[in-house]
Amino acid sequence: MNDVYINGLGAFLPGVPVTNDDMEDCLGLVFGKPSKYRSLSLKQNRIKARHYALDKQGNPLHSSSGMAAAAIHAALKNSETALQNIDYLATSATLGDGLVPGLASHVHAALGVEEIEIANFQSVCASALMAIKSAYMQLKAGEHNCAAVSGSEFASRYFRPGNYECVEAYAKTREIPFQADFLRFTLSDGAGAAVLETKPNSRQISLKIHWIDIRSHAHRFEACMVGGVAKGDEGWRYWGGFGDPLAAAKAGALILIQDFDLMKRMLPVWVSHYLDLIDKGRIVIDEIDYVCSHYSSHGLREEIIVLLTQAGAMIDERKWFTNLYTKGNTGAASIFIMLEELYREGNLKKGDKILCHVPESGRCLNGFMLLEVA
């Protein structure tokens, strides 16, 4: 079995950084008035800047596939290999550009390479680790020698006023609930990518992948972060079951919402996954030099730290690396964008171990990845 290395990392963040004061200039005012939950949302997530792939009229400036391709090109530029050497492509996103075909097909076309094997992973944030593990296993088994993996998100296009103003329940009160509004001020746009190979770089450091462990707990939880469904007295109703898209939109089935009380009940489950990996010897606390944990808001970070401290398994907070506050929450792209900045800062040295953590509230999913600087 081959060793597998991340030999290049890239990021693509559209446009200029958007400050908190300018967010609604880009996203638009729902029902023509400022959000009542904007300040509360920003106080919880503490994000100061993010990027949008829209202009101020709501017109798209990019596509999810185009941003993914740009991030892959950036990763290739930062590697020692070339585009024509890629023979496997895995993409990840919460939502792609269209319903059919999968995002990977569009990214392949945007890259402009000859025939390659592709894989498309659609979930929420943890789809990034699904895609990385897919490429990792392909290379480890000797099926391929060079893979490109991307995570891309174009969340802002779902946060424009029209998506909410057509919902009948919201139109009656001319307000949207916190569980929907919070996401407008938390999620943002961008893409990240990694180039994986079976041999390390010869002129610069590589990140050796030791293992990736992903666990779903969907059997224990209801759906928490959802899009394309609406919940009624008889349970969840999928958007395609309303007869026509307009009826689905009026019922609120075409917007993103999150159940925060349910998400908080997932935190101990995510921590128990971490503790189990410690018990199995896969994580040795004293050997970890950096923690790259994708948390959607600062408030969640604080709650997780309390749980880790109570369990006696806290990794020194000074070892935690994040760019949430300056790059925003870019979902499936976040772990790539985080690693790209950590790598680019130039402080990594041979032997450093990086523990990556990507939880997902969609229906309770959690993943860890251990990297070592080679």
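**Pockets and cavities in the predicted model**

The lining of the largest pocket divides, by residue class, into 24 nonpolar, 13 polar and four charged residues. I should say at once that what we are looking at is a predicted model, and I will stay with this pocket for a moment before moving on to the others.

The volume of the largest pocket comes to about 1,000 Å³, and of the 41 residues that line it, those closest to its centre are T94, L95, Q122, G227 and G228. If we ask which elements each supply at least two residues of this lining, they are α4 (103–111), β5 (117–122), β9 (225–226) and β11 (235–238), and among the contributors β5 gives the most, with three residues.

Turning to the second largest pocket, we find about 440 Å³ of space and a lining of 25 residues, of which A230, K231, G232, W236 and I257 lie nearest the centre. Two or more residues of that lining come from each of α7 (168–173), β10 (229–232), β11 and β12 (257–258). By class the lining has 13 nonpolar, five polar and seven charged residues. Where does this second largest pocket lie with respect to the domains? Residues from both domain 1 (5–202) and domain 3 (225–257) contribute to its lining, and so the pocket lies between these two domains.

Now to the enclosed spaces, where the count is three cavities of 30 Å³ or more. The largest cavity has a volume of about 300 Å³, and 29 residues line it, with V124, C125, L187, M225 and N329 lying nearest its centre. At least two residues of this lining are supplied by each of α8 (178–184), α10 (260–279), α11 (298–310) and β14 (353–360), while the division by class is 17 nonpolar, 10 polar and two charged. Because domain 1 (5–202) and domain 2 (208–219 + 259–373) both give residues to the lining, the largest cavity lies between them.

The second largest cavity holds about 140 Å³ of space, and its lining includes W270, V271 and Y274, together with W320, H357 and F368, among others. Here α10, β13 (290–293), α11 and β14 each supply at least two lining residues, with α10 giving the most, namely three. As for the character of this lining, 10 of its residues are nonpolar and two are polar, and there are no charged residues.

Definitions and conventions
Residues are numbered from 1 along each chain as its sequence is written. This is a predicted model: local features need pLDDT of at least 70, side-chain atom pairs count only at pLDDT 80 or more; totals for chains, interfaces and linings use all residues. Side-chain values use heavy atoms; hydrogens and water are left out. On a 1 Å grid over the protein atoms alone, a cavity is a set of points where a 1.4 Å probe fits but cannot get out, and a pocket is an open set with protein on both sides within 12 Å along at least five of seven lines; lining residues have an atom within 4 Å of a point. Grid points are joined across faces, edges and corners, and a volume is the space filled by probe spheres set on the points. Helices (H or I, at least four residues) and strands (E, at least two) are DSSP runs, numbered from the N terminus. Ala, Val, Leu, Ile, Met, Phe, Trp, Tyr, Cys and Pro count as nonpolar, Asp, Glu, Lys and Arg as charged, and the others, Gly among them, as polar. Domain bounds come from an automatic or database domain assignment.
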